Amino acid sequence: MSNILIKNGKVVTLDRIFRGWLFVRGKKIVRMGAGEGPKSLKGDTIDAKGRFISPGFIDLHIHGAPEEISRRFAKSGTTSFLASIEAMELGKVKKILSGDYSRLDGAKVLGFHLEGQYINPRMSKAQDGRFARRPDIAELKRLIEISKGRVKIVAVSPEIKGALELIKTLKDKVLFSLGHTSALFEEAEIAINSGARYAGHIFNAFEPFHHRNPGPIGAILTDDRVYAEIILDLIHTHAAAFELLLKCKPLDKIILVTDNTQESKFKRKKALKSSLTMERAVAHAHVFGGLKIEDAVKLATINPARAIGIDRKKGSLKVGKDADIVIFDSKFRTKATIVEGKIVCAE
Ligand SMILES: [Zn+2]
């Protein structure tokens, strides 16, 4: 079992940032504290050189082959992610869901985000609407089974036939996400009351807000039970749209995602592609959203961890939690990434 001492950094916790150190044994954080750190701690030492020592970023929405994502995105601070599956042939979906991704070199696969199976084909936008399917309870149960319980988020457009039944029946198994939708306010509200608690890339592929018909955006922004993810690349969303989200939603219900498609083979129109990284999303939340660094970090760490129920192990720096750690500088550039106690990249 290897030990790592990370010292001389600004440790980002849920409520404050302090000068201190962390000690990692095996996969876990076993000690942490302020100041220099006890001399008695032995192991590989990483000098953070006064930079931030933060929990690793959790990206709940990113497309492409898990192997490629794992390697590439650890370099920008992502330590775990949900492999997102867009609308595609069912056979391909099953193949991805049955894969073993437990031994990847970089960021860990936490499970899957089924983004395109049960959406309104007219609102498919960057996805291929031909492969959107009627919500089917038996089919989704089977997909969950094939994945060995690793399907975590399932997008569904509340206005399509069978959507509500799907949500009601399987809401305890997966997190249902409203998205790619032209639902009326009332339809979205019923879906939320039926158990949907998440919204995929709010504002994008949503019927726009109108004061006489507030639509799905109106329903999501006015209901604190629902998490909302946002692609904060300042292309998919304007900084003011993020500001609006911050004013409407409690901070613990906002989640930064990349929806990055650079590793995806599926062809999209250029305007719909995302090349966002989690480190940039956090930087934008701080710079353009005016959030304190520890708050901007929460949107990329503890909030996504809570949304999918893994916050006892991941999402913050705490003794006993997994050693998923990113060291970034004052410009949010990743300098080192540690995934479950293993240094996967370092300057
Ligand atoms: Zn989408």
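Analyst: A residue counts as buried under 20% relative accessible area, as exposed over 50% and as partly exposed in between, with a 1.4 Å probe and protein chains only. This is a predicted model, in which local features need pLDDT of at least 70 and side-chain atom pairs count only at pLDDT 80 or more, while totals for chains, interfaces and linings use all residues. Residues are numbered from 1 along each chain as its sequence is written, and side-chain values use heavy atoms, with hydrogens and water left out.

User: Which residues coordinate the zinc ion?

Analyst: Donors are N, O and S atoms within 2.8 Å of the metal (3.2 Å for Na, K and Ca), and because water is not among the atoms, sites may look incomplete. Here Glu115, through OE, and His180 and His201, each through NE2, coordinate the zinc ion at 1.8 to 2.2 Å. Along the sequence these donor residues follow the spacing E-x64-H-x20-H. Glutamate 115 lies in strand E8 (residues 108–118) and histidine 180 in the loop between strand E10 (175–178) and helix H5 (185–194), so the pair ties together parts that are 65 residues apart in sequence. Glutamate 115 and histidine 180 are both buried. The element names refer to DSSP runs numbered from the N terminus, where helices (H or I) have at least four residues and strands (E) at least two.

User: What are the bounds of domain 1 and domain 2, and how many residues of domain 1 are in contact with domain 2?

Analyst: Domain bounds come from an automatic or database domain assignment, which here gives domain 1 as 3–53 + 316–346 and domain 2 as 57–307. Contact means heavy atoms within 4.5 Å, and by that rule 24 residues of domain 1 are in contact with 21 residues of domain 2. Buried area is the accessible area (1.4 Å probe) that two parts lose on being put together, summed over both; between these domains it is about 1,600 Å², with carbon and sulfur atoms giving 69%. Leu14, Phe332 and Val339 supply 35% of the area that domain 1 buries against domain 2, more than any other three residues.

User: How many residue pairs are in polar contact across the interface of domain 1 and domain 2?

Analyst: A polar contact is a pair of N or O atoms within 3.5 Å; within protein, one must be able to donate a hydrogen and the other to accept it, and residues adjacent in sequence count only if both atoms are side-chain atoms. The rule finds 6 such residue pairs across the interface, both residues at pLDDT 80 or more. Strand E16 (334–339) is among the strands that each supply at least two residues of the side of domain 1 that touches domain 2, and the largest share, 4 residues, comes from E16.

User: What does threonine 334 in strand E16 reach with its side chain?

Analyst: Threonine 334 counts as buried at 15% relative accessibility. Its side chain reaches the backbone nitrogen of glycine 77 at 3.3 Å, and a polar contact of 2.7 Å joins the side chains of threonine 334 and glutamate 279. Glutamate 279 is one of the buried residues of H8, a helix (residues 278–287) in which 7 of the 10 residues are buried, so it is largely enclosed by the rest of the structure.

User: How should I read a positive phi, and where does phenylalanine 332 lie?

Analyst: Most residues other than glycine have a negative phi. Phenylalanine 332 has a positive phi of about 65° although it is not a glycine; it lies in the loop between E15 and E16 and counts as buried at 4% relative accessibility. Leucine 234, also not a glycine, has a positive phi of about 70°, and leucine 234 is partly exposed, with a relative accessible area of 31%.

User: How many salt bridges are there, and is glutamate 347 buried or exposed?

Analyst: Side chains of opposite charge can pair when their charged atoms come close. A salt bridge is a side-chain nitrogen of Lys or Arg within 4 Å of a carboxyl oxygen of Asp or Glu, and by this rule the count comes to 18, with 0 between domain 1 and domain 2. Lysine 335 forms one with glutamate 347, the closest N and O atoms being 2.8 Å apart. Lysine 335 is buried, with a relative accessible area of 16%, whereas glutamate 347 is exposed at 68%. Aspartate 324 and lysine 314 form a salt bridge, their closest N and O atoms being 2.7 Å apart; aspartate 324 is buried at 6% relative accessibility, and lysine 314 is buried at 7%. Both belong to a network of salt bridges linking Lys28, Lys314, Asp322, Asp324 and Glu340.
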